[in-house]
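Please work through the exercises below with the sequence and the structure at hand. Attempt each task before reading its solution.

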Amino acid sequence: MQNLFNELTALKITGNVSDNCESKTVLEINRQALALRRANPQLRQQKIALPYDNIINFVTELVAFDGWCSAIYLCPPLVKIPENVLLWSKNDQIGADYCEETTGSFSYALTQTSWYLATSGTTGEPKWCEHSFASLSVGIKQSDKLQKLCWGLLYQPFRFAGLQVVLQALLSGAELIDASKGEPRAKLNILQGKSVSAISATPSLWRQLLMTKQLGSLTLKNLTLGGEIVDQVLLDNLKKLFPQAKLRHIYASTEAGLGFVVSDGQAGFPRKWLEQSTHLPVKLKVADNKHLLIKPRHGNAQTMLQIADGQGFIDTFDEVQVTDERVFFLGRATGVINVGGNKVYPEKVEQVLLQCPFIGQAKVYAKKSALMGELVVADVTVIEDANHYSVKQELLKICKTQLLRFEIPTKISIVDNIICEPTGKVNRKLQHG
Amino acid sequence: MQQVAELNDCQLIEPIEADTLLLECGLDSLSYAMLVAQLEEDLGFDPFTDLVIDTYPSSFAEFLAIYQLCADKQ
């Protein structure tokens, strides 16, 4: 059965996993993972939630529990986990010591493990998307060149994009350096110190790294962009700085997994892929409403079966524009706002704004930003006689206590009315003024 | 900048000179995006959208120069 531990054990060359303080070889991690299984027989066939601590522990736990537990939930901070799932804590383990090297024979039957990744939902409750090791590693490539890379991890590793970087580095035998915390300059300091040669980041983060003027000090051979719409100016800037490097942008989602990789240096993807996609992990189709539909070739996860149509195509709710040669992404049809790779559901922000007693209606929508892709802005109507300045202060206070920073509207406009659709829903496409 | 800093609970450094690096002024990347949005409200243009920027500004002087260039073209 394919699982992370067996795949890593079969590799001829393996790398190291490091953060700013510590470094461990994958061989050491494998040994610790085996010890962890041995110390925790009670977790076999159980569903467990893994809170994120640091990259070395995270990878060790993934290696240990894939094939050991029936399900692993990769938890962002403060996430609510389903009721029948055990929350993993290193203090709970029984039996052998976590770090003790395993000796002697240790036979056991492995199981098929479901991997669950959290994506934020419209109400603020997380939505758990089911994957498997096989479906998550479908896009992983191995070669001598890839084995020599040193990956800088800039995404959070418990998110889909971050996990892809982790798996790519581990399974190709490359080095992995965690630089996912801190502001761009702090990240860059870590990357510079460790001679990183491959980075995957959102377009917003690439822009910020360019703004430091230090990005050129790295010797990058492999640049990957994902999580947001990629524009041509950014691709050209990166190509100019690293003319010899491989520059790719990836289309993927937490729900459906890897879609496809574009490596011709152009924004969007070739139109011919709508007809010829045998080389891609997905089939592609554009619906009459201009939504991109994808049909993954791998993955039978329950989550996907629930959202696929009769032919197995999933509506990505990404709106596209089809030209003679190219298909370009326009934005999310659902109104979901993408702030530097972070999803913001307008409904959630509107519900928070409406808690203010002076507010009649609220409409939250995206404003284009060259730096962050999109920003959150809001229109509100207020009850008569309300002092506009006080209302804005009150709204800000409520938002700061209940929303994440990137969810707080960067601008709140007080308007006379908010246009609704015939269904009574707020029309987010018609913007005031 | 002060207004955006307060909104984001950030502390601006003093003094901000022409060669002060933007990412060392005390504002983070989201705050800069907010500053650009706020300046668009006040000035009526966003140079990062209106111009094809071939290099991203690094220092405070470069940031101002991009706005000056865009204002001259208006």
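The exercises that follow concern a predicted model and go from overall confidence to single elements and then to the contact between chains.

**Exercise 1. Confidence**

Task: State which scores the model has, and where in chain B confidence is lowest and highest.

Solution. Step 1: the model scores ipTM 0.86 and pTM 0.77. Step 2: in chain B the average pLDDT is 87, and 99% of the residues score at least 70. Step 3: within chain B, helix α3 (residues 47–50) has the lowest confidence, with a mean of 82, whereas helix α4 (residues 60–73) has the highest, at 91. A reminder for reading any such model: where pLDDT is low, the predicted coordinates should not be read in detail.

**Exercise 2. An overview of chain A**

Task: Describe the make-up of chain A in terms of helices, strands, burial and contacts.

Solution. Step 1: chain A contains twelve helices and 23 strands. Step 2: of its 433 residues, 44% count as buried. Step 3: among the contacts in chain A with a separation of 6 or more, 66% join residues that are 24 or more positions apart.

**Exercise 3. Strand β11 of chain A**

Task: Determine whether strand β11 (residues 222–226) of chain A is enclosed or open, and find its partners.

Solution. Step 1: five of the five residues of β11(A) are buried, so the strand is largely enclosed by the rest of the structure. Step 2: consider the two faces. In a regular strand the side chains alternate between the two faces of the sheet. In β11(A), A:N222, A:T224 and A:G226 are buried on one side, and A:L223 and A:L225 are buried on the other. Step 3: consider the pairing with strand β10 (residues 198–201) of chain A, which is parallel over four bridges. Here A:S200 stands opposite A:T224. The connection includes helix α8 (residues 203–211), and β10(A), α8(A) and β11(A) make a right-handed β-α-β unit. Step 4: consider the pairing with strand β12 (residues 246–253) of chain A, which is parallel over five bridges. In this pair A:N222 stands opposite A:K246. The chain crosses from β11(A) to β12(A) through helix α9 (residues 232–241), and this β-α-β crossover is right-handed.

**Exercise 4. Two helices of chain A**

Task: Describe how burial is distributed in helix α3 (residues 55–65) and in helix α11 (residues 346–353) of chain A.

Solution. Step 1: α3(A) is mostly covered, with ten of its eleven residues buried. Among them are A:I55, A:F58, A:E61 and A:F65. After this helix comes A:G67, which has a positive phi, near 90 degrees. Step 2: in α11(A), the residues A:P346, A:V349, A:E350, A:V352 and A:L353 are buried. Seen down the axis of α11(A), these residues fall within an arc of 160 degrees, so they line one face of the helix. The general rule behind such a pattern is that an α-helix has 3.6 residues a turn, so residues three or four places apart point the same way. Step 3: the cover over the buried residues of α11(A) includes β19 (337–339), β20 (342–344), β21 (359–369), β22 (373–382) and α12 (388–402) of chain A.

**Exercise 5. Where the chains touch**

Task: Characterise the side of chain B that touches chain A.

Solution. Step 1: 19 residues of chain B are in contact with 22 residues of chain A. Step 2: on the side of chain B, the elements that give two or more residues are α2 (29–43) and α3. The largest share, seven residues, comes from α2(B). Step 3: by type, the residues on this side of chain B divide into 13 nonpolar, three polar and three charged.

How values were computed:
Residues are numbered from 1 along each chain as its sequence is written. Chains are lettered from A and ligands numbered from 1 in the order in which they are written. This is a predicted model: local features need pLDDT of at least 70, side-chain atom pairs count only at pLDDT 80 or more; totals for chains, interfaces and linings use all residues. A residue is buried if 20 or more other C-beta atoms lie within 10 Å of its own, exposed if 12 or fewer, and partly exposed in between; C-beta atoms are placed from the backbone. Two strands pair if DSSP finds at least two bridges between them. A crossover is right-handed if, with the strands pointing away from the viewer, the path from the first strand over the helix to the second runs clockwise. pLDDT is the predictor's confidence in each residue, from 0 to 100. The arc is that of the directions from the helix axis to the C-beta atoms. Two residues are in contact if their C-beta atoms, placed from the backbone, lie within 7 Å. Ala, Val, Leu, Ile, Met, Phe, Trp, Tyr, Cys and Pro count as nonpolar, Asp, Glu, Lys and Arg as charged, and the others, Gly among them, as polar.
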